[in-house]
Amino acid sequence: MSAIIQVKNLVKKYGNFEAVKGISFEVKEGEIFGLLGPNGAGKTTTLEIIETLREKTSGEVIVDGFDLDKHPNEIKNIIGVQLQAAGYYPNLNLKQIIDLFAGLYNREVDALALLDTVNLRDKAKNKFKELSGGQKQRFSIATTLINDPKIIFLDEPTTGLDPQARRNLWELIKQLRQRGCTVVITTHYMDEAEELCERVAIVDAGQIIALSTPNDLIDELLATGFQRKKEVKAANLEDVFLNMTGREWRES
Ligand code: ATP
């Protein structure tokens, strides 16, 4: 598969502080690529530079053949980005917000069908502020799909969600990949990265310290003789919780 995103020697300085220290990586077309790292590692900064939302200090970013420096608008056309809550006009309901964005993108969108994909059809007439945390996350993922993008960027999409909602969002993200979308995701949940990502980059203090498939990274660690201290049971507390409370969407 060819690279749909190429990042070369990307540097971002905030004043004297270098948040991103010359990182390079490629995302292949059609994969789910994870950026993992502790708080402050530089994940959001890197994503927002690729999304054309932040200025880089130096380096090169090519998205689907378009150079970020020369063709930012072409890049904007083919990517889906989760908006910050402030973007969701407070007096409009969910259907109206989707219709508004569809108009801005000059696209025909079936708002109710789109809300169905994130199980929010029942909330079509509600305002964004009337949604629960999980519902807000789901709505923000729906809005990334309005312009039928080639690449979707998801910054910690399942933070704050209950176990059912997380799993259902994982299914949604896998469906997006099946449609041919490339997905770039940041997460602090390693189970999520293992479940979803073909490849992950581990970012620490502005540098990529590992980049491979989750499986290969685990095998490399095991090859050093690493062993978990505790015997792992074949189920965990989350399995108990899901078994008792079901796997369907909640709080809708
Ligand atoms: P988290 O997991 O907490 O979201 P992150 O990996 O996404 O973290 P960034 O938000 O990219 O990290 O931040 C990287 C570093 O750059 C942090 O030390 C942060 O304080 C700093 N930083 C981010 N934005 C700015 C800004 N606008 N001005 C100054 N420093 C900033």
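**Close-up 1. The start and end of helix H9 in a predicted model**. A polar contact is a pair of N or O atoms within 3.5 Å, and within protein one of the two must be able to donate a hydrogen and the other to accept it. Such a pair is found at the start of helix H9, residues 237-245, where a side-chain oxygen of asparagine 236 reaches to within 3.1 Å of the backbone nitrogen of glutamate 238. Just after H9, at the other end of the view, glycine 246 takes a positive phi of about 90°. The structure shown here and in the views that follow is a predicted model.

**Close-up 2. The ligand and the residues that surround it**. The ligand is surrounded by 14 residues, and the closest of them are Gly40, Gly42, Lys43, Thr44 and Thr45. By class, the residues of this shell divide into 5 nonpolar, 6 polar and 3 charged. Strand E2, which spans 17-28, and helix H1, which spans 43-50, each supply at least two residues of the shell, and H1 gives the most, with 3 residues.

**Close-up 3. Oxygen atoms of the ligand beside glycine 42, lysine 43 and glutamate 156**. A polar backbone atom of glycine 42 is 2.8 Å from an oxygen atom of the ligand, while at lysine 43 a polar atom of the side chain lies 2.8 Å from an oxygen atom of the ligand. At glutamate 156, an N or O atom in the side chain is 3.5 Å from an oxygen atom of the ligand. On its own the ligand has 640 Å² of accessible area, and the protein covers 61% of this.

**Close-up 4. The second largest pocket and its lining**. About 420 Å³ of space lies in the second largest pocket. Its lining is made of 14 residues, of which Glu194, Pro214, Leu217, Ile218 and Leu221 are the closest to the centre of the pocket. Helix H7 (190-196), strand E9 (199-204) and helix H8 (214-223) each supply at least two residues of this lining, with the largest share, 5 residues, coming from H8. The lining residues of the second largest pocket divide into 11 nonpolar, 1 polar and 2 charged.

**Close-up 5. Strand E9 and its partners E10 and E3**. Strand E9, which also supplies residues to the lining of the second largest pocket, is joined by 5 bridges to strand E10, residues 207-212, and these two strands run antiparallel. Within this pairing, aspartate 204 has glutamine 207 of E10 as its bridge partner, and alanine 201 is partnered by leucine 211 of E10. The hairpin of E9 and E10 has 2 residues between the strands, and in it alanine 205 takes a positive phi near 45°. Strand E3, residues 32-36, is joined to E9 by 4 bridges, and here the strands run parallel; in this pairing phenylalanine 33 has arginine 199 of E9 as its bridge partner.

**Close-up 6. An open sheet of 4 strands**. The strands of this open sheet follow the order E2-E1-E4-E5, and the pairing is antiparallel. The edge strands are E2 and E5, the latter spanning 66-67, and each of them pairs on one side only. Strand E1, residues 3-14, is joined by 5 bridges to strand E4, residues 58-63, and among these residues valine 11 has serine 58 of E4 as its bridge partner. The edge strand E2 is also a strand that supplies at least two residues of the shell around the ligand.

How values were computed. Residues numbered from 1 in each chain as written. Predicted model: local features only at pLDDT ≥ 70, side-chain atom pairs only at ≥ 80, totals over all residues. Heavy atoms only, no water. Near = heavy atom within 4 Å. Areas by Shrake-Rupley, 256 points an atom, 1.4 Å probe, with all protein chains shown as cover. Nonpolar A, V, L, I, M, F, W, Y, C, P; charged D, E, K, R; others polar. 1 Å grid on protein atoms, 1.4 Å probe; cavity = no way out; pocket = protein on both sides within 12 Å on 5 of 7 lines; lining within 4 Å. Points joined across faces, edges and corners; volume = space filled by probe spheres on them. Pairing = 2+ DSSP bridges.
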